[in-house]
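Q: Please take a close look at one part of this structure and follow the contacts outward from there. I am a first-year student, so please explain each term when it comes up.

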Amino acid sequence: MNKRNYQKELDALIERNAAAGEKPSLLLHVCCAVCASYVLEYLYGHFAITIAYYNPNITGEGEYQHRYSELRRYVAERQMDEIRFIEVDYTPQEFFALAQGHEADREGGARCSLCFSQRLGYTAKLAKEGGYRYFATTLTVSPLKNAGVINAIGERIGEQVGVEYLPSDFKKKNGYKRSIELSKEYHLYRQNFCGCVFSEKEAQMRESLKNSAN
């Protein structure tokens, strides 16, 4: 079985829409400004983008609001005036309810897949209610995230909800590298953990081991 090239699929879809003179609506799930930086640069102009910042997994309201303010600052400074935002409440209790029984899962394991499903499921519901053509996520720009897993979840949810999922592997074509360049250029806050308290603890543990090794 050939491994799918999600980036090529997305490029082909963009070319088809452009040839048809279409600029379809897209509800884009965004986790932070760093991940969004390249993705928005890449998609802007091809889609009518609305951002859904739904991330109940993020630990602490201060962290949550800081990432959100950085995202809005980036969009404003890039003068991406056509991008709109859907305001979403911060509901960490939803993530902790989901994570029960999975507290000891390794990073990238079952707990993360559940988290992806939760965030993409909510985004798909908003997309359906709002009449968007597509929904997607910036999560695949990270080299620490499995694009195959995320795309499989997105496509399954899209079929269930009845809205088309936009396939992606934004780390391709030097997407992750470009996100780092943009983060430096715009002085974006770059967190050292994905978002949840469990990923934060793993990051702290890695840092402690690194320091002790030195």
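A: Arg72 and Glu87 form a salt bridge in which the closest N and O atoms are 2.8 Å apart, a salt bridge being a side-chain nitrogen of Lys or Arg within 4 Å of a carboxyl oxygen of Asp or Glu. Because Arg72 belongs to helix 3 and Glu87 to the loop between strand 3 (84-86) and helix 4 (92-99), this pair ties together parts that are 15 residues apart in sequence. Helices (H or I, at least four residues) and strands (E, at least two) are taken here as DSSP runs, numbered from the N terminus.

Please keep in mind that this is a predicted model, in which local features need pLDDT of at least 70 and side-chain atom pairs count only at pLDDT 80 or more, while totals for chains, interfaces and linings use all residues. Residues are numbered from 1 along each chain as its sequence is written, and side-chain values use heavy atoms, with hydrogens and water left out.

The two partners differ in their cover: Arg72 counts as partly exposed at 35% relative accessibility, whereas Glu87 counts as exposed at 56%. In these terms, buried means under 20% relative accessible area, exposed means over 50%, and partly exposed lies in between (1.4 Å probe, protein chains only).

Arg72 has another contact, as it lies over the face of Phe85, at 4.0 Å from the ring centre. For such a contact, NZ of Lys or CZ of Arg must be within 6 Å of the ring centre and within 35 degrees of the ring normal. Phe85 in turn belongs to a cluster in which ring pairs link Tyr53, Tyr64, Tyr68, Phe85 and Tyr90.

To read such pairs, it helps to know that a pair of aromatic rings is described by the distance of the centres and the angle of the planes. Rings of Phe, Tyr and Trp (its six-membered ring) pair if their centres lie within 6.5 Å, and planes under 30 degrees apart count as stacked, over 60 as edge-to-face and the rest as tilted. By this rule there are eleven aromatic pairs. In one of them, the rings of Phe47 and Tyr134 have centres 5.9 Å apart and planes at 90 degrees, so this pair is edge-to-face. Phe47 sits in the loop between helix 2 and strand 2 and Tyr134 in strand 4, so that distant parts of the chain, 87 residues apart, are linked. Both Phe47 and Tyr134 are buried.

Within the cluster, Tyr53 and Tyr64 make a tilted pair, with 4.9 Å from centre to centre and 50 degrees between the planes. Here, too, distant parts of the chain are linked, since Tyr53 is in the loop between strand 2 and helix 3 (61-77) and Tyr64 is in helix 3, eleven residues apart. Tyr53 is buried, with a relative accessible area of 1%, and Tyr64 is also buried, with 2%.

The loops just named lead back to the strands. Strand 1 (residues 25-29) is mostly covered, as four of its five residues are buried. Strand 1 runs parallel to strand 2 (residues 48-52), and five bridges join them, where two strands pair if DSSP finds at least two bridges between them. His29, for example, has Ala52 in strand 2 as its bridge partner. Between these strands the chain passes through helix 2 (residues 33-43), in a β-α-β crossover that is right-handed; with the strands pointing away from the viewer, this means that the path from the first strand over the helix to the second runs clockwise. Strand 1 also pairs with strand 4 (residues 134-137), in the parallel sense and over four bridges, and there Leu27 has Phe135 as its partner.

Helix 2 brings us back to charged pairs. Glu41 forms a salt bridge with Arg178, with the closest N and O atoms 2.8 Å apart. Arg178 lies in helix 7 (residues 175-185) and Glu41 in helix 2, so that this pair links distant parts of the chain, 137 residues apart. Arg178 is partly exposed, with a relative accessible area of 24%, and Glu41 is partly exposed as well, with 25%. Glu41 and Arg178 are joined by Arg78 and Glu181 in a network of salt bridges. In total, the count comes to 14 salt bridges.
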